[in-house]
Amino acid sequence: MRDRLGDTRGFRMSEISRVIDRVAGDALAAPLKAAGYRRDGRTWRRHVGDNVQVVNAQASRYNVGANGRFTLNAGVYFPALAARLGLFPPTDAPGEGDCHVRTRPRPPGWRRDWWKVRAAGVATPDQEAGRVLGAVFSWLDRMADRRASRTNARATQDVRQALERYALPWLERLIDLRSARDELARSGPLWWAAAASLELGEHATAAALFAKALATTPARADNLRSWGRANGLES
């Protein structure tokens, strides 16, 4: 289970965290509310049939000072599959890191999978820089501050675009356990695909996927065989 970064509850929120909250909220809140998602901090969830769809804005743990960045994550969680896998107790409020199938839409045209934002007026002089370098750094910070509103507006626009053009269609495509099983069969983990097949009542498919999982992950063979025996896939 992966920690959800950017959860600002429990400590004083930095200014860059406030900017990320504002940008993510402006980009995501309205379309996700219209689609039936409910907000919890920087995470939105929607219960659809036997699954929970999750969208999350995840701030980098390395954000500091005036500059920050964050990603957009989406995933689908299946309580029945969680129970079958036995890794963690099923939950009604999964984080994105709990989801069984996950994706991270990239900014349009970018190789990176995150957006930059700027908190204007937060940067402080570098005390270790000399007089000349200090003056250069201060000038660069002033220029970045002047561009901050455009930087943040562009991030808001691009995140909304990534949500509507990629994340929401992806979530609609993975609307049920069968489609999630097929995705797991393509991208892994294969034993998760086997577990999903068992939940679908497709024992022969589960056995084939489980055998492939054993062959491709020999380092985990003992643990997988133990799970396989418990689930009728190993004698």
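**Reading a predicted model, one feature at a time**

User: Let's start with Trp-192. Where is Trp-192 placed?

Analyst: Trp-192 belongs to helix 5. Keep in mind as we go that this is a predicted model.

User: Is Trp-192 buried or exposed?

Analyst: Residues under 20% relative accessible area count as buried. Trp-192 has 17% relative accessibility, so it counts as buried.

User: Which residues does Trp-192 touch, leaving out those up to four places away in sequence?

Analyst: Its contacts are Leu-81, Leu-85, Leu-87, Cys-99, His-100 and Leu-184. You can also look at C-alpha positions: Trp-192 and Leu-209 sit 8.9 Å apart in space, with their places 17 residues apart in sequence.

User: How far can I trust what I'm looking at?

Analyst: Here's the general idea: where pLDDT is low, the predicted coordinates should not be read in detail. In this case the protein chain has an average pLDDT of 87, and 83% of the residues score at least 70.

User: Where is confidence highest, and where is it lowest?

Analyst: Among the elements, helix 5 (residues 190–199) comes out highest, with a mean of 98, while helix 3 (residues 131–173) is lowest, at 80. Then there's the start of the chain: residues 1–12 stay under 50. The model does give that stretch 26 contacts beyond four places in sequence.

User: What is the overall layout of the chain?

Analyst: Count 7 helices and 6 strands. Going from the N terminus, the order is α-β-β-β-β-α-β-β-α-α-α-α-α. Of the 235 residues, 44% are buried. As for contacts with a separation of 6 or more, 60% are between residues 24 or more positions apart.

User: Can you show me a residue pair that is distant in sequence?

Analyst: Try Arg-18, which is in helix 1 (residues 15–34). Its C-alpha is 8.5 Å from that of Ala-119, though the two are 101 residues apart in sequence. Arg-18 counts as partly exposed, at 40% relative accessibility.

User: Now aromatic rings. How many aromatic pairs does a search of the whole structure find?

Analyst: A pair of aromatic rings is described by the distance of the centres and the angle of the planes. The search turns up 3 pairs. One of them joins Phe-210 and Trp-227: the centres are 5.9 Å apart and the planes are at 40°, which makes the pair tilted.

User: Why does that pair tie together separate parts of the chain?

Analyst: Phe-210 is in helix 6 (residues 203–216) and Trp-227 in helix 7 (residues 221–230), so the pair links parts 17 residues apart in sequence. Phe-210 is buried at 2% relative accessible area, and Trp-227 counts as buried at 10%. Together with Trp-191, these two form a cluster linked by ring pairs.

User: What sits over the ring of Trp-114?

Analyst: That's the charged end of Arg-69, 4.4 Å from the ring's centre.

User: Back to helix 7. How do I read the two sides of a helix?

Analyst: An α-helix has 3.6 residues a turn, so residues three or four places apart point the same way. In helix 7, the buried residues are Ala-221, Leu-224, Trp-227 and Gly-228. Seen down the axis they fall within an arc of 125°, so they line one face. Exposed on the other side are Asp-222, Asn-223 and Ala-230.

User: What do the buried residues of helix 7 pack against?

Analyst: They pack against helix 2 (79–85), helix 5 and helix 6. Just after helix 7, look for Gly-232, with a positive phi of about 75°.

How values were computed: Residues numbered from 1 in each chain as written. Predicted model: local features only at pLDDT ≥ 70, side-chain atom pairs only at ≥ 80, totals over all residues. Heavy atoms only, no water. pLDDT = per-residue confidence, 0-100. Helix = DSSP H or I, 4+ residues; strand = E, 2+ residues; numbered from the N terminus. Contact = heavy atoms within 4.5 Å. Phe/Tyr/Trp six-rings, centres within 6.5 Å; stacked < 30°, edge-to-face > 60°. Buried < 20%, exposed > 50% of the residue type's maximum accessible area, 1.4 Å probe, protein only. Lys NZ or Arg CZ within 6 Å of the ring centre and 35° of its normal. Arc of directions from axis to C-beta.
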